[in-house]
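Here's a quick briefing to read with the model open in your viewer. Have a look at the sequence and the fold, then work through the points below.

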Amino acid sequence: MEQQVTSDRYLEIMQVPSPQNQSCCEFDMRLVRRNVEPRKYSALSKLIADRRDTLFPRPGANGQGHVFHKGHEYLIAAFHLANLSRDTVIEKLDMLVEQVKYEVQQQKEIVKRDPQVQRKRRRLYDAYDISGAMSPKKRLSTSE
């Protein structure tokens with residue numbers, strides 16, 4: 001479900017209309033393979049797959065969880081129905097990847113600076129006596 005909502009958000013960021021004015025949750029994916037010529041489908045799929053680690057990361061480490069393709073296919077349908085050129089699709093996907101990476105980095109910075117997270121990290125390091133894992137500056141900043 002989260003990947004479907006994420007796919008809708010991706011289209012908003014790239015300013016690409018949603019297929020048939022439907023959200024990813026509503027859209028019938030069977031229509032994609034039926035209506036998109038196989039070579040075009042394959043080309044669009046590869047463009048998205050090349051950026052999968054950022055756009056649709058695997059659900060868990062060591063292959064835990066299932067990979068869902070609906071978001072991926074939804075983007076294919078949107079690009080196809082918008083009749084975008086290959087270069088435009090590449091440009092939009094590259095811009096999207098940069099935006100997603102930026103947002104992830106911003107979230108990491110927020111978490112890193114959270115006082116509660118710093119205290120818990122300090123207690124964890126103290127519990128396992130791994131104070132050498134932190135620089136002296138970080139040890140001072142996380143001590144209470």
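Is Y10 buried or exposed? Y10 is buried, because its relative accessible area is 4%, and a residue counts as buried when that value is under 20%. Keep in mind that this is a predicted model. Y10 sits in helix α1, so that helix gets a good share of the attention here, along with α5.

**The overall picture**

- The protein has 8 helices and 0 strands, and the pattern along the sequence reads α-α-α-α-α-α-α-α.
- Of its 144 residues, 30% count as buried.
- Take the contacts with a separation of 6 or more: 67% of them are between residues 24 or more positions apart.

**Helix α1**

- Helix α1 covers residues 2-14, which makes 13 residues.
- From first C-alpha to last, α1 reaches 18 Å, close to the 18 Å expected at 1.5 Å a residue.
- The buried residues of α1 are Q4, T6, S7, D8, Y10, L11 and M14.
- Those buried residues pack against α4 (52-55), α5 (70-81) and α6 (86-113).
- Right after α1 comes Q15, with a positive phi near 55 degrees.

**Helix α5**

- α5 has 12 residues, which should span 16 Å at 1.5 Å a residue; the end C-alpha atoms are 16 Å apart, so the two agree.
- This helix is mostly covered, with 9 of its 12 residues buried.
- The buried ones are G71, H72, E73, Y74, L75, I76, A77, A78 and F79.
- The cover over these residues includes α1, α2, α3 (38-49) and α6.
- Just after α5 you'll find N83, which takes a positive phi of about 55 degrees.

**E73, a charged residue under cover**

- E73 belongs to helix α5, and charged residues here include Glu.
- E73 counts as buried because its relative accessible area is 10%, against a cut-off of under 20%.
- If you set aside neighbours within four places in sequence, E73 is in contact with M29, V32, R33 and Y41.

**Aromatic pairs**

- The structure holds 2 aromatic pairs.
- In one of them, the ring centres of Y10 and F56 are 5.7 Å apart and the planes sit at 65 degrees, so the pair is edge-to-face.
- Y10 is in helix α1 and F56 is in the loop between α4 and α5, so this pair ties together parts that are 46 residues apart in sequence.
- F56 is buried, given its relative accessible area of 7%, and Y10 is buried too, at 4%.
- F27 and Y74 also pair up: their ring centres are 6.0 Å apart with planes at 65 degrees, so this pair is edge-to-face.
- This second pair links distant parts of the chain, with F27 in the loop between α1 and α2 and Y74 in helix α5, 47 residues apart.
- F27 and Y74 are both buried.

**The largest pocket**

- The largest pocket has a volume of about 260 Å³.
- Its lining is made up of 14 residues, and E2, Q3, Q4, T6 and F56 lie nearest the centre.
- Elements giving two or more residues to that lining are α1, α4 and α5.
- α1 supplies the largest share of the lining, 5 residues.
- By type, the lining residues divide into 6 nonpolar, 6 polar and 2 charged.
- Two residues met earlier turn up again: F56 from the aromatic pair with Y10 is among those nearest the pocket centre, and so is Q4, one of the buried residues of α1.

**Positive phi in the loop after α1**

- Q15 is in the loop between α1 and α2 (30-35), and its phi near 55 degrees is a positive value in a residue other than glycine.
- Q15 counts as exposed because its relative accessibility is 68%, and the cut-off for exposed is over 50%.
- N21 is found in the loop between α1 and α2, and its phi is near 55 degrees, again a positive value in a residue other than glycine.
- At 72% relative accessibility, N21 counts as exposed.

Conventions. Residues numbered from 1 in each chain as written. Predicted model: local features only at pLDDT ≥ 70, side-chain atom pairs only at ≥ 80, totals over all residues. Heavy atoms only, no water. Helix = DSSP H or I, 4+ residues; strand = E, 2+ residues; numbered from the N terminus. Expected span 1.5 Å × (residues − 1). Buried < 20%, exposed > 50% of the residue type's maximum accessible area, 1.4 Å probe, protein only. Contact = heavy atoms within 4.5 Å. 1 Å grid on protein atoms, 1.4 Å probe; cavity = no way out; pocket = protein on both sides within 12 Å on 5 of 7 lines; lining within 4 Å. Points joined across faces, edges and corners; volume = space filled by probe spheres on them. Phe/Tyr/Trp six-rings, centres within 6.5 Å; stacked < 30°, edge-to-face > 60°.
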